[in-house]
Amino acid sequence: MEKTKMLKMLENSGFLVEEGLYYCAGSESIYREVLDSAAKEGEEKLPVLAKCMEEADYQRYQIEVHGIKNVAKTIGCVCLYEAALAQNDAAKEGKYEQVRKNHAAFMTVYEKEIALIRDAIAEPV
């Protein structure tokens, strides 16, 4: 089966598309819906994460990045998964200076991956 432009775009950007499809019962249409939901949720979480940093609410921050990590794994987004895992582990271990230091880089990765998903799912079926 020939891969669609969306799948090729994601693969070329480092996504493990086969893993994402696996979690979506092998259905590209379900995968597209899950990607859309992940992007929407990401757009909502960006200001939440920023507020957590402003208020030094590391417990809430850890909960949020834990969820992001799980979603990233489900959609096959390796780069975001690894970045969220690092932030999650640092917050869980109480390494708050490390969390603060790496927050901007994490947000950059998150924003980039959301934009990439948006571009990919905009491709016609």
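Which glycine follows α4, and what is the sign of its phi? The residue that follows α4 is glycine 76, and its phi is positive, near 80 degrees. The structure discussed here is a predicted model, and the sections below begin with this helix before turning to aromatic rings, salt bridges and two alanines.

## Helix α4 and its two sides

Helix α4 covers residues 58–75. With 18 residues at 1.5 Å a residue, α4 should span 26 Å, and the distance of 25 Å between its end C-alpha atoms agrees with that expectation.

The buried residues of α4 are Tyr58, Tyr61, Gln62, Glu64, Val65, Ile68, Lys69, Ala72 and Ile75. When the helix is seen down its axis, these buried residues fall within an arc of 165 degrees, so they line one face of α4. They pack against α2, α3, α5 (78–92) and α6, whereas on the other side of α4 Gln59 and Ile63 are exposed.

## Aromatic rings

How many aromatic pairs does the structure hold? There are 3 aromatic pairs in the structure, and two of them are described here. In one, the rings of tyrosine 22 and tyrosine 23 have centres 5.3 Å apart and planes at 75 degrees, so this pair is edge-to-face. Tyrosine 22 counts as exposed, because its relative accessibility is 63%, while tyrosine 23, at 43% relative accessibility, counts as partly exposed.

Another pair is formed by tyrosine 58 and tyrosine 96, whose ring centres lie 4.3 Å apart and whose planes meet at 15 degrees, so the pair is stacked. Tyrosine 58 belongs to helix α4 and tyrosine 96 to helix α6 (residues 96–121), so their pairing ties together parts that are 38 residues apart in sequence. Tyrosine 58 is buried, with a relative accessibility of 12%, and tyrosine 96 is partly exposed at 35%. A ring also takes part in a contact of another kind, in which the charged end of lysine 73 sits over the ring of tyrosine 81, 5.7 Å from its centre.

## Salt bridges

Side chains of opposite charge can pair when their charged atoms come close. The model has 12 salt bridges, and the following paragraphs look at some of them in turn.

Within helix α4, glutamate 64 and arginine 60 are joined by a salt bridge with an N to O distance of 2.7 Å. These two residues are 4 residues apart in the helix, so about one helical turn separates them. Glutamate 64 is buried, at 8% relative accessibility, but its partner arginine 60 is partly exposed, at 38%. Glutamate 93 and lysine 95 also meet through their side chains in a salt bridge, with 3.0 Å from N to O, and lysine 95 is partly exposed with a relative accessible area of 42%.

In helix α3, what is the spacing between aspartate 36 and lysine 40? They are 4 residues apart, which means that they are separated by about one helical turn. Their salt bridge has its closest N and O atoms 3.1 Å apart. Aspartate 36 is partly exposed, with a relative accessible area of 22%, and lysine 40 is likewise partly exposed, with 44%. Salt bridges that share partners join Asp36 and Lys40 with Glu43 and Arg118 into one network.

## Two alanines with positive phi

Where in the chain does alanine 25 lie? Alanine 25 is found in the loop between α2 (17–22) and α3 (28–54). Although it is not a glycine, alanine 25 has a positive phi of about 55 degrees, and its relative accessible area of 71% makes it exposed.

Alanine 56 likewise has a positive phi, of about 55 degrees, without being a glycine. Its place is in the loop between α3 and α4, where alanine 56 is partly exposed, with a relative accessible area of 40%. Helix α4 thus comes after a loop that holds alanine 56, and it is followed by glycine 76, whose phi is positive as well.

Technical notes: Residues are numbered from 1 along each chain as its sequence is written. This is a predicted model: local features need pLDDT of at least 70, side-chain atom pairs count only at pLDDT 80 or more; totals for chains, interfaces and linings use all residues. Side-chain values use heavy atoms; hydrogens and water are left out. Rings of Phe, Tyr and Trp (its six-membered ring) pair if their centres lie within 6.5 Å; planes under 30 degrees apart count as stacked, over 60 as edge-to-face and the rest as tilted. Buried means under 20% relative accessible area, exposed over 50%, partly exposed in between (1.4 Å probe, protein chains only). A charge sits over a ring if NZ of Lys or CZ of Arg is within 6 Å of the ring centre and within 35 degrees of the ring normal. The expected span of a helix is 1.5 Å times one less than its number of residues. The arc is that of the directions from the helix axis to the C-beta atoms. Contact means heavy atoms within 4.5 Å. A salt bridge is a side-chain nitrogen of Lys or Arg within 4 Å of a carboxyl oxygen of Asp or Glu.
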